[in-house]
Amino acid sequence: MRRRYGRIVEIALFILPFAAFWILFRLGPVLYGFFISLYRWDPLGDAKFIGARNYLNLARDPRFWNALVNTLEFAAIAIPLIVGIGLVLALFIFAGRKRRVTTWLEAGFFFPYLLTVSVVGLIWRWLLDPDFGVVLITLRDMGIDPPVFLNEPRWAIPAIALATAWWLAGYRMLLFRAALEDIPDEFYEAARIDGASGARIFFSIVVPLLRPAILFALVLTTISGFIVFGQVLIMTAGGPGRASEVLAMYLYRFGFEYLEMGQAAAVGMVLFLIILGLTLVSFRWLGYESSL
Amino acid sequence: MTAARLGPRLLVAVVAALALLWVAPIAWMFTTGIKPAPEIFALPPTWIPQRPTLDHVHEVLSRWPFLRWALNSVVVAGATTVLSVLVSVPAAYAFSRLRWRGRDAIFLVFLSSMLIPLEVNVIPLYFLMNRLHLLNTYPAVFLPMIGMPIGIFLLRQFYINIPGELDDAARVDGCGNLRILWHVILPLSRPALAALVIYMFTFAWNEFFWSMIALSSPQMFTLPIGLRALQGAYDIDYGVLMAGAALAVLPTLMLFLFLRGSIIRGITMTAHK
């Protein structure tokens, strides 16, 4: 009996340091955030319980719906771009894996991922500058009349999504490339002997076997898509007007510019629920078999 | 030359062109940072600076506490990394090498908290740090980044695949769990540890949203927040902005050129089940 207790205590001690940080700074804040969202917080520190009114205020605020739609638009453009480009790059790298230059090419595609979001935002703001941005100048030289991306309500979010894809696709590439390497060579050989075409091999062998990797990438990318903030702040600050104001930015402004902490906390809860819901849906949709 | 031999070469050429295009924005940042102001806005744009200058670099370094920002970033990322490893190693050991009831269920609970990104929690964290009188300090920034499930997930995946006979042999020799962890498991798990270190360091080095909220005085800014402050001050003075961005990227680029293989291997491990 004593031994048993000793063992339980030992296991607890192994887990405790991690669990303490996790409870204090990860799980705890979610519950605390819910609590905060039920109050109206006076900047001086007084709090008044107002039940669900912060949520009702959100539901009634057209600016909130605008931010939600913008976030959805960003996610709808950025997620397929990031995962799709990542997959295509991985196929390229995988196809050329026997050449030494390929590791350098892969490094080139991956490197932007290591940049901090402010750098990404600043670079792309400069590249897309309406007057002197090299992208617009080059397009004009090619005889195309490009929109002034960041200053045009319809183009601001697609442009930010494109910059984000440039930033993050390299990470998904690594993930897909590793998954491609896991597919045994015999699979390809067998398919080729059976006379399968390249496209056939891709859709009947590669895609099904990559399913777990694609799912993982989609979940990760979805999360990062819905919490997008830094690149928007730097590239457009939510503009022109509020054409690219996203949920995280709405949260930031209500919390730290208008000092409506309760309402900002409510936005945090909404974001959390969106992420939770989408993850569950994508698990179900792609048929997740746990491989833990 | 047959099509079969031409094919791969053509492919490599196309991919190489694409890779060049991919890194061009980074090159453009570096060249803009050393161009004098008139040349930055010259039409047509010049790809190679005609009269390179360090004026913008000097502006950033002399008028802003840029080196302090770099130091702050190193401290925050370093503390995050070290503490994450310290708490994740024993937990991952308990979740993989020890057998106990409820183990996998509890692990799954930890793991599912991947769905709680830092961004969702910024308001409660702000309240919490305010109560603890930690706002505008290093711990305010790094404490929330430590209990990340990726740490135990990554190490556990690795520990599971270490043969059990090794522990058994050590146990016969009278080793307890701590000594098994230290003398048997840790020496074998260097690749996983390296992966975790790389992942946590880059994560903390790049963290933006929470740092921006937690840090208020320019002396405490990390590099990403400092660059944001530069943008606030210079707006479209791209020479200075690109010089600042380039200075922030330079250490990353150097490190990447030296450790390219291990960084890519490490990051691949974090993404690969």
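Q: In which loop of chain A does A:L259 lie?
A: In this predicted model, A:L259 is not a glycine, yet its phi is positive, at about 55 degrees. Following chain A to this residue puts us in the loop between α11 and α12 (261–285).

Q: Is A:L259 buried or exposed?
A: A residue counts as exposed if 12 or fewer other C-beta atoms lie within 10 Å of its own. A:L259 has 12 other C-beta atoms within 10 Å, so the class is exposed.

Q: Which residue in the loop between α6 and α7 (138–142) of chain B has a positive phi although it is not a glycine?
A: Look in chain B for a phi of about 55 degrees in a residue that is not a glycine. The loop in question joins α6 and α7 (138–142), and the residue there is B:H133.

Q: Is B:H133 buried or exposed?
A: The cut-off for the exposed class is 12 or fewer other C-beta atoms within 10 Å. B:H133 has 9 C-beta neighbours inside 10 Å, and therefore counts as exposed.

Q: Which peptide bond in chain A is cis, with omega near -5 degrees?
A: A good place to look is the loop between α10 (230–235) and α11 (247–256) of chain A, where A:P240 is found. With omega near -5 degrees, the cis bond is the one from A:G239 to A:P240.

Q: What pattern of elements does chain A follow along the sequence?
A: Chain A has twelve helices and two strands to place. Read along the sequence, they give α-β-β-α-α-α-α-α-α-α-α-α-α-α.

Q: What percentage of the residues of chain A count as buried?
A: For a sense of scale, the C-alpha trace of chain A spans about 80 × 75 × 30 Å along its principal axes. Among contacts in this chain between residues at least 6 apart in sequence, 72% join residues at least 24 apart. Of its 292 residues, the share that counts as buried is 45%.

Q: How many helices are there in chain B?
A: From the N terminus on, the elements of chain B run α-α-α-α-α-α-α-α-α-α-α-α-α-α. The number of strands is zero, and the number of helices is 14.

Q: What radius of gyration does chain B have?
A: The C-alpha atoms of chain B fill a box of roughly 75 × 70 × 30 Å along the principal axes. A compact globule of 273 residues would have a radius of gyration near 19 Å, but the value for chain B is 24 Å.

Q: What percentage of the residues of chain B count as buried?
A: Start with the contacts in chain B that have a separation of 6 or more: residues 24 or more positions apart account for 75% of them. Turning to burial, the share of the 273 residues of chain B that counts as buried is 44%.

Q: How are α4(B) and α11(B) oriented to each other?
A: Their axes come within 8 Å and cross at roughly 140 degrees. Roughly antiparallel would need an angle over 145 degrees, and roughly perpendicular one of 65 to 115. The two helices α4(B) and α11(B) are therefore oblique.

Q: How many charged residues does the contact of α4(B) with α11(B) have?
A: α4(B) passes α11(B) in a right-handed crossing. Among the residues making the contact are B:V76, B:T80 and B:S84 of α4(B), and B:L196, B:M200 and B:F201 of α11(B). By class, there are ten nonpolar and five polar residues, and the charged ones number no residues at all: none.

Q: How are α5(A) and α13(B) oriented to each other?
A: Helix α5 (residues 117–127) of chain A packs against helix α13 (residues 223–234) of chain B at an angle of about 30 degrees, with the axes 8 Å apart. Because angles under 35 degrees fall in that class, α5(A) and α13(B) are roughly parallel.

Q: Which residues of α13(B) meet α5(A)?
A: By class, this contact has five nonpolar, two polar and one charged residues. From α5(A) come A:V117, A:S118, A:V119 and A:L122, and facing them in α13(B) are B:P224, B:L227, B:R228 and B:Q231.

Q: Which helix gives the most to the side of chain B that touches chain A?
A: Here 70 residues of chain B are in contact with 66 residues of chain A. Helices that each supply at least two residues of this side of chain B include α1 (3–33), α4 (66–96) and α14 (238–271). By class, the side has 53 nonpolar, twelve polar and five charged residues. With 13 residues, the helix that gives the most is α14(B).

Technical notes:
Residues numbered from 1 in each chain as written. Chains lettered and ligands numbered in written order. Predicted model: local features only at pLDDT ≥ 70, side-chain atom pairs only at ≥ 80, totals over all residues. Axes fitted to C-alpha atoms, helices over the stretch in contact; angles between N-to-C directions. Helix = DSSP H or I, 4+ residues; strand = E, 2+ residues; numbered from the N terminus. Contact = placed C-beta atoms within 7 Å. Nonpolar A, V, L, I, M, F, W, Y, C, P; charged D, E, K, R; others polar. Rg over C-alpha atoms; globule rule 2.2 N^0.38 Å. Buried ≥ 20, exposed ≤ 12 C-beta atoms within 10 Å, placed from the backbone. Left-handed = near helix turned anticlockwise from the far one by under 90°.
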